Amino acid sequence: MNEHYPFVNPPLPYAYDALEPYIDTQTMYIHHDRLLQRYVANLNAILSGYPELQNLSLEEMLRDPSKLPEPVRQGIINNGGGLYNHTIYFNGMTPSETRSEAQALYPVIIRYFGTVERFFDEFKAYALAVFGSGYAWLIVEPDGRLRIVMTPNQNTPVSNGLCVVAGIDVWEHAYFLKRFNDRAAYIEDWFHVVSWEAANERYVNCINGE
Ligand SMILES: [Fe+2]
């Protein structure tokens with residue numbers, strides 16, 4: 001992830017239409033180039049007046065928001081969290097078949113959830129239960145346990161001391177153009193394009209403390 005101010009909008013690691021038919025091209029374009037771009041611009045505008053924050057990484061700022069200056073705290077939670085969360089979300093999808101790439105993560109999913117299908121069922125239930133806008137995440141607890149959590153708005157699990165393995169954006173802007181208000185159908189779409197390779201890499205980094 002990009003290091004510090006001025007932050008940039010990381011390019012998608014695939015073409016706008018690469019996740020068709022599951023995630024449509026227009027949604028990807030608006031979501032990445034307009035919505036995420038606005039979070040990046042807002043974050044940079046906020047940080048432009050705070051030189052003492054300009055050398056901090058996103059994670060350093062978001063790990064303990066209570067340490068941020070009060071006038072910009074919520075703005076950084078919203079816009080910095082928006083950049084952090086979306087980067088994980090966009091980089092966590094792929095048009096390729098990647099299940100075989102989850103050598104480290106797969107056995108841990110089986111240990112905590114029984115089967116991949118039961119993991120999907122539980123993850124879907126959490127993603128459906130987010131009231132309004134937010135995310136569902138697969139995270140690693142500080143003691144190494146694998147768990148599913150939700151965050152509202154652009155809050156991020158990093159602020160709760162949790163390490164993110166994978167996450168789904170369930171703001172309506174992520175699916176409304178294609179699925180209207182059918183969030184369940186969008187979650188099913190996401191399961192088709194989730195990058196097990198990216199999740200596996202994040203999991204390995206989590207357990208290695210990186
Ligand atoms: Fe989003």
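This report walks through a small sheet, an iron site, a disulfide and a covered helix. Keep in mind that the model is predicted.

**The sheet**

Let's start with the strands. Three of them, in the order S2-S1-S3, form an open sheet with antiparallel pairing. Strand S2 (146-152) and strand S3 (163-169) are the edge strands; each has a single partner, so one side of each has no neighbour in the sheet. On average, neighbouring strands are turned by 25° against each other, direction ignored.

How many bridges hold strand S1 and S2 together? Strand S1 (residues 134-140) pairs with S2 over 7 bridges, in the antiparallel sense. On its other pairing, S1 meets S3 over 6 bridges, again antiparallel. You can look up a few facing residues in this table.

| Residue in S1 | Residue opposite |
|---|---|
| Gly134 | Pro152 in S2 |
| Ala136 | Met150 in S2 |
| Leu138 | Ala166 in S3 |

S1 and S2 also make a hairpin, with 5 residues between the two strands. In that turn, look for Gly144, which has a positive phi of about 95°. As a general point, side chains in a regular strand alternate between the two faces of the sheet.

**The iron site**

Which residues coordinate the iron ion? His31, His86 and His173 each use NE2, while Asp169 uses OD, and the distances are 1.9 to 2.1 Å. Along the chain, these donors follow the spacing H-x54-H-x82-D-x3-H. One pair shows how the site links distant parts of the chain: His31 lies in helix H1 (residues 25-47) and Asp169 in strand S3, 138 residues apart. Are these two buried or exposed? Both His31 and Asp169 are buried.

Why is the arrangement irregular? The 4 donor atoms subtend angles of 90 to 137° around the iron ion, and this makes the arrangement irregular. To count as tetrahedral, four donors need all angles between 85 and 135 degrees. For comparison, the ideal angle for four tetrahedral donors is 109.5 degrees.

**The disulfide**

The structure holds 1 disulfide, and you can find it between Cys163 and Cys206, with an S to S distance of 2.0 Å. The link of Cys163 and Cys206 is left-handed, with -85° about the S-S bond. Cys163 sits in strand S3 and Cys206 in helix H8 (residues 196-207), so the pair ties together parts that are 43 residues apart in sequence.

The two cysteines can also be described by their accessibility. Cys163 has a relative accessible area of 24% and is partly exposed. Cys206 has 12% relative accessibility and counts as buried; the cut-off for buried is under 20%.

**Covered parts**

Strand S3 comes up once more here, as it is mostly covered: 6 of its 7 residues are buried. What about helix H7 (residues 183-193)? Helix H7 is mostly covered too, with 8 of its 11 residues buried. Among the buried residues of H7 are Tyr186, Ile187, Trp190 and Phe191, and Arg183 and Asp189 are also buried. Where do the buried residues of H7 pack? They pack against H3, helix H5 (116-129), S3 and helix H6 (176-179).

**Back to strand S3**

To finish, follow strand S3 through the model. Strand S3 pairs with S1, holds the iron donor Asp169, and contains Cys163 of the disulfide.

How values were computed: Residues numbered from 1 in each chain as written. Predicted model: local features only at pLDDT ≥ 70, side-chain atom pairs only at ≥ 80, totals over all residues. Heavy atoms only, no water. Pairing = 2+ DSSP bridges. Helix = DSSP H or I, 4+ residues; strand = E, 2+ residues; numbered from the N terminus. Axes fitted to C-alpha atoms, helices over the stretch in contact; angles between N-to-C directions. Donors = N, O, S within 2.8 Å, 3.2 Å for Na, K, Ca; no water. Tetrahedral: all angles 85-135°; square planar, octahedral: opposite > 155°, others 65-115°. Buried < 20%, exposed > 50% of the residue type's maximum accessible area, 1.4 Å probe, protein only. Disulfide = S-S within 2.5 Å. Contact = heavy atoms within 4.5 Å.
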